[in-house]
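Student: Please take a close look at the start of the chain. After that, place it in the context of the rest of the chain and the ligand site.

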Amino acid sequence: MSINKEQIKTALAHVLHPTEKQDLISLDMIQDIIIQDKYITFTLEMPEKNDVLANDLKAKCEGAIKKFIDAEAIVDIQVGINVSKRKKVEDTPQQQAEPQQILPGVKNIIAVASGKGGVGKSTMAVNIASALAKTGAKVGLMDTDIYGPSIPTMFNTFERPNITTQKKLIPVEKHGIKMVSMGFLVDVNQAIVWRGPMATSAIKQFMTEVEWGELDYMVLDLPPGTGDIQLTIVQTVPLSGAVIVSTPQVVALDDVRKGVAMFKKVNVPVLGVIENMSYFVPPDMPEKKYHIFGEGGAKRLAEELNVPVLGEIPLDQPIREAGDNGTPIVIADEEAASAQALIKATENMQNELTRRATEVNSTKKVDIKFRP
Ligand code: ADP
């Protein structure tokens, strides 16, 4: 019989908090329970970072699940911070678990997300990373789409990363961007059968067991959708902000709402929306502009959700060809209309990061480099 959330809660109700004298369920310290067969993951929320009780409570939680539910359960517990007890939580962009231990040398971590596949999310992620790298910034790109990694194709790089003597992965480097993708490591068909928790633990290894070094920006290409895997990823990384990619159709915009809601849930600021495939200008009729998928959708939604539109990227052949040929358009042809729009969107994103970093009580230094 499969394990359910109620069983987990009942088991964890046996774990007492040593100082509060109440159990962890009554104290509402257990969040985001995810179960896949014998794999159980959840977040243990502590009031403070590095709470000395965290390891002890984790061990007790695991013990309770093995004792009351299944001795063979595989339990993966993340420690989060109980944001509800903090002041001005909505103003704190980096409030995730132990941020100082995850990617400590990275100044800004930006997630590029979309409600569904095929809207150009990876194309936007690789071009944002490329536009940032062109300014002279140190940039990393992490392909967290375990089931459909596209970074190797988009950079025409399929080499296996080297390993340091400390058994850390050295990112593959192209056009000055350090990158890691599951596509460099395993046969993609193999990854497809992975269960959610296996995928999230692979992502955690990308964070902690890769020699990223010092970076100004880390761009995260999230898997499409707003499900448990995405939620776990955005909770694992101390994100500076998220960029949501959408096409102009109403149905795609509904997905944006879900994306914004997901980031709000974990208090990650949404830096803005990029509307991709916004319009088409026929190369032989440059005076014409066609809104193939509708017009103004992202703007209206952005107003409704109170997030800016960072850019409107045209549908064009060069961007698609550049992606297929393995050189992002902002590197292959900076003058292309789509490249210009992407560079502008990236600058808007940087401005939004700066604005937020100065307005909110950020815990991390934000170092912005603008194009000359
Ligand atoms: P996702 O990551 O959302 O699944 P991709 O970035 O892989 O989407 O893009 C899907 C396909 O659409 C790719 O072939 C890509 O080159 C193409 N594409 C993305 N944006 C545009 C655009 N603005 N104009 C033309 N083709 C595009």
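Tutor: A polar contact here is a pair of N or O atoms within 3.5 Å; within protein, one of the two must be able to donate a hydrogen and the other to accept it. The model is predicted. In this model the side chain of Asn4 reaches the backbone nitrogen of Glu6 at 3.1 Å. Asn4 itself sits in the segment before helix H1, which covers residues 5-12. Asn4 counts as partly exposed because its relative accessibility is 36%, and partly exposed means between the 20% and 50% limits. Asn4 and Ile69 are separated by 65 residues in sequence, with their C-alpha atoms 9.9 Å apart.

Further along is Ile30, in strand E1 (residues 30-36). Its relative accessibility is 10%, so Ile30 counts as buried. The contacts of Ile30, leaving out residues up to four places away in sequence, are Leu12, Leu24, Ile25, Phe42, Thr43, Leu44 and Cys61. From Ile30 to Val79 the C-alpha distance is 9.6 Å, across 49 residues of sequence.

Thr43, one of the residues that Ile30 touches, belongs to strand E2 (residues 39-46). Thr43 is buried too, because its relative accessibility is 9%. With the same sequence neighbours left out, up to four places away, Thr43 touches Met29, Ile30, Gln31, Asp32, Gln78, Val79, Gly80 and Gln235.

Now the wider chain. It has 13 helices and eleven strands, and buried residues make up 53% of its 372 residues. Among contacts with a separation of 6 or more, 73% join residues 24 or more positions apart. The accessible surface comes to about 16800 Å², and carbon and sulfur atoms account for 51% of that.

In soluble globular proteins, nonpolar side chains tend to be buried together. The largest nonpolar core in this model has 44 residues, of which Leu103, Met218, Leu220, Leu239 and Phe263 touch the most other members. Elements that each supply at least two residues of this core include strand E4 (106-114), strand E8 (215-221) and helix H9 (250-265). Leu220 shows the kind of neighbours involved: not counting residues up to four places away in sequence, it touches Ile109, Ile110, Ala111, Val112, Met142, Thr144, Ile233, Val237 and Leu239. Another core, of 41 residues, lies apart from the largest one and includes Leu271, Leu310, Val330 and Ala339.

Last, the ligand site. The ligand has 15 residues around it, and Gly118, Lys121, Ser122, Thr123 and Pro314 come nearest. Several backbone atoms face its oxygens: a backbone N or O atom of Ser122 lies 2.8 Å from a ligand oxygen, one of Gly120 lies 2.9 Å from a ligand oxygen, and one of Val119 lies 3.1 Å from a ligand oxygen. The ligand taken alone exposes 570 Å², and the protein buries 80% of that. Helix H3 (121-134) and helix H11 (317-325) each give at least two residues to the surrounding shell; the largest share, three residues, is from H3. By type, the shell residues are six nonpolar, six polar and three charged.

How values were computed
Residues numbered from 1 in each chain as written. Predicted model: local features only at pLDDT ≥ 70, side-chain atom pairs only at ≥ 80, totals over all residues. Heavy atoms only, no water. Near = heavy atom within 4 Å. Areas by Shrake-Rupley, 256 points an atom, 1.4 Å probe, with all protein chains shown as cover. Helix = DSSP H or I, 4+ residues; strand = E, 2+ residues; numbered from the N terminus. Nonpolar A, V, L, I, M, F, W, Y, C, P; charged D, E, K, R; others polar. Core = buried A, V, L, I, M, F, W, Y, C linked by side-chain atoms within 4.5 Å. Buried < 20%, exposed > 50% of the residue type's maximum accessible area, 1.4 Å probe, protein only. Contact = heavy atoms within 4.5 Å.
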